Amino acid sequence: MPVRHPHTRDAVWGYLAEVTEVLGVGLESCTVDHDSPVSAYVALDERLPTHPERDVALLWDEIHGWAVAIETHSGEDLIVLRYLGGKTATPRPAQVARFLRAVREDDHSVGQLTPPDFGGLSAAHA
């Protein structure tokens, strides 16, 4: 079940625990930044067939929701390959797993190339 208030510290970690459990990844692979917008990084111990030379990560933030990204060799910002999109920044963990599976399989029927805007805290307090 998605968290109702993803900006609270316990809610973010609780949601990440649910998602990583479904993915078979431990919470030790996660980092959270509680600055605005609240965001999370989930390191994945794999590479994509489409980018075999790059490490893969799942990114989450309260504005854009989930994205799959690849690491750069130079330590610059990650390269986002696709966003999950949908109706909420905190979809069910099974939806996140399906999204990741689709990216692994190069299935473009799930996700989107443009970042969605769920508003986050900034929009909620505007």
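Colleague: I'm looking at β3 and β4. What joins β3 to β4?

Modeller: A hairpin does that, and three residues make up the link. Keep in mind that this is a predicted model.

Colleague: Okay. In which sense do β3 and β4 pair, and over how many bridges?

Modeller: They pair in the antiparallel sense, over six bridges. β4 covers residues 65–70, while β3 covers residues 56–61.

Colleague: Which residues stand opposite each other there? I'd like something to click on.

Modeller: Try Leu-59, which stands opposite Ala-67 in β4. You can also click on Asp-61, whose bridge partner in β4 is Gly-65.

Colleague: And what about strand β2, how does it pair with β3?

Modeller: Strand β2, residues 39–44, pairs with β3 in the antiparallel sense, again over six bridges. To find your place, look for Val-42, because it's a handy landmark: Val-42 stands opposite Leu-58 in β3.Colleague: Now β4 again. Which strand pairs with β4 over four bridges?

Modeller: That's strand β5, residues 79–83, and the pairing is antiparallel. One place to see it is Ala-69, which has Val-80 in β5 as its bridge partner.

Colleague: Next topic: is β3 largely enclosed or open to the outside?

Modeller: Enclosed. Six of the six residues in strand β3 are buried, so the rest of the structure largely encloses it.

Colleague: Which way do the β3 side chains point?

Modeller: Val-56, Leu-58 and Trp-60 point one way, Ala-57, Leu-59 and Asp-61 point the other way, and all are buried. In general, side chains in a regular strand alternate between the two faces of the sheet.

Colleague: How many residues of β4 are buried?

Modeller: Six of its six, which leaves β4 mostly covered.

Colleague: Let's switch to rings. How many aromatic pairs turn up in the whole structure?

Modeller: A search finds two. In one of them, Tyr-15 and Trp-60 sit edge-to-face, 6.4 Å centre to centre, with 65° between the planes. That pair links distant parts of the chain: Tyr-15 is in helix α1 (residues 9–23) and Trp-60 is in strand β3, 45 residues apart.

Colleague: Are those two buried or exposed?

Modeller: Both Tyr-15 and Trp-60 are buried.

Colleague: And what's the geometry of the pair between Tyr-15 and Trp-66?

Modeller: Tyr-15 and Trp-66 form a tilted pair, 6.1 Å centre to centre, with 50° between the planes. This pair also links distant parts of the chain, with Tyr-15 in helix α1 and Trp-66 in strand β4, 51 residues apart. Trp-66 is buried, as is Tyr-15.

Colleague: Which residues do the ring pairs link into a cluster?

Modeller: Tyr-15, Trp-60 and Trp-66.

Colleague: Last one, Pro-37. Where does it lie?

Modeller: Pro-37 is in the loop between β1 (30–33) and β2.

Colleague: What does Pro-37 touch, leaving out residues up to four places away in sequence?

Modeller: Pro-37 touches Glu-62 and Ile-63. Pro-37 and Ile-63 are 26 residues apart in sequence, yet their C-alpha atoms are 6.9 Å apart in space.

Colleague: And how exposed is Pro-37?

Modeller: Pro-37 is partly exposed, with a relative accessible area of 32%. That value falls in between the cut-offs, since buried means under 20% and exposed means over 50%.

Technical notes:
Residues numbered from 1 in each chain as written. Predicted model: local features only at pLDDT ≥ 70, side-chain atom pairs only at ≥ 80, totals over all residues. Heavy atoms only, no water. Buried < 20%, exposed > 50% of the residue type's maximum accessible area, 1.4 Å probe, protein only. Helix = DSSP H or I, 4+ residues; strand = E, 2+ residues; numbered from the N terminus. Pairing = 2+ DSSP bridges. Contact = heavy atoms within 4.5 Å. Phe/Tyr/Trp six-rings, centres within 6.5 Å; stacked < 30°, edge-to-face > 60°.
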